[in-house]
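Student: I'm new to this structure and would like a close look at a single part of it. Could you pick a helix pairing and walk me through what sits around it?

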Amino acid sequence: MDTATVPTPLGPFSMITLDGGIVASGFTDAPATLLAELPAPYRDGSPRAGDTPAPYVSAVRAYFDGAVDALDELPVVQFGNDFRRAAWREMRRVKPGESVGYQELAGRAGRPGAARMAGSACAYNLVPLIVPCHRVRRTDGSLGGYYYGLDVKRWLLAHERGELLPSTPAPVAVARTAVNGQEGHGR
């Protein structure tokens, strides 16, 4: 496993990669903290700092420089059941600057009426920003939640629409939360 941390307007953004792609990412300057959410044996890994392939770092920089589709083709490796993998795939198909409701995401992932399951897929997304769970909102149009705080979610959505915001929020990590009766990280 390799890691890289990229400075962004929202603070440091770290990634953990394997040969197949990104397995974890988040707004933190301590990539090792992302390991805890990975399945065994990965959570016990010792990622090497600074060895993440250049395309990953370049894509994150390009995204924050305004090329909001720069993350679209980055490979990811995610661990989950069939529905979650389908939901994560569909999140990546939501265009920058657009958003979908949980109900619509569930339908796109093959389970119409499974809005709570779609919410759970967002909560268990270990590759936020790359797999853009910030583009998923409640069915009523409100923002819903985001692991790094609603100010960060608003900033990302506005950035993708080409809007300039008056200030840059600092990401706020929240405690693990229960999702459908199970522990989740609430991303």
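Tutor: Let's look at how two helices meet, and then follow the chain onward from there. Keep in mind that this is a predicted model.

Start with helix H2, residues 82-93, and helix H4, residues 115-123, which pack against each other at an angle of about 75° with their axes 9 Å apart. Since angles from 65 to 115 degrees count as roughly perpendicular, H2 is roughly perpendicular to H4. Who does the touching? On the H2 side you'll find Phe83, Arg84, Ala87, Trp88 and Met91, and on the H4 side Met117, Ala118, Ser120, Ala121 and Cys122. Sort those contact residues by type and you get eight nonpolar, one polar and one charged.

Now pick out Cys122, one of the H4 residues in that contact. Cys122 counts as buried, with a relative accessibility of 4%. You might wonder about a disulfide here, but the structure has zero of them. The closest cysteine sulfur to that of Cys122 belongs to Cys133, and at 5.6 Å it is too far for a bond; a disulfide would need the two sulfurs within 2.5 Å. Cys133 is buried too, with a relative accessible area of 3%.

Next, step into the loop between H4 and E6, where you'll meet Asn125. Asn125 has a relative accessible area of 0%, so it is buried. What does its side chain pair up with? One partner is the side chain of Gln78, joined to that of Asn125 by a polar contact of 2.9 Å. There's also the backbone: the oxygen of Val131 lies 2.8 Å from a polar atom of the Asn125 side chain.

That loop brings us to strand E6, residues 136-137, which is part of what covers the buried residues of helix H5; helix H1, residues 54-64, is included in that cover as well. H5 spans residues 150-160, and eight of its eleven residues are buried, so the helix is largely enclosed by the rest of the structure. The buried ones are Val152, Lys153, Trp155, Leu156, Leu157, Ala158, His159 and Glu160. Notice that Lys153 and Glu160, both of which count as charged, are on that buried list. Finally, H5 is followed by Gly162, which has a positive phi, near 80°.

Note on methods. Residues are numbered from 1 along each chain as its sequence is written. This is a predicted model: local features need pLDDT of at least 70, side-chain atom pairs count only at pLDDT 80 or more; totals for chains, interfaces and linings use all residues. Side-chain values use heavy atoms; hydrogens and water are left out. Buried means under 20% relative accessible area, exposed over 50%, partly exposed in between (1.4 Å probe, protein chains only). Helices (H or I, at least four residues) and strands (E, at least two) are DSSP runs, numbered from the N terminus. Contact means heavy atoms within 4.5 Å. Axes are lines fitted to C-alpha atoms, for helices over the stretch in contact, and angles run from 0 to 180 degrees between N-to-C directions. Angles under 35 degrees count as roughly parallel, over 145 as roughly antiparallel, 65 to 115 as roughly perpendicular and the rest as oblique. A polar contact is a pair of N or O atoms within 3.5 Å; within protein, one must be able to donate a hydrogen and the other to accept it, and residues adjacent in sequence count only if both atoms are side-chain atoms.
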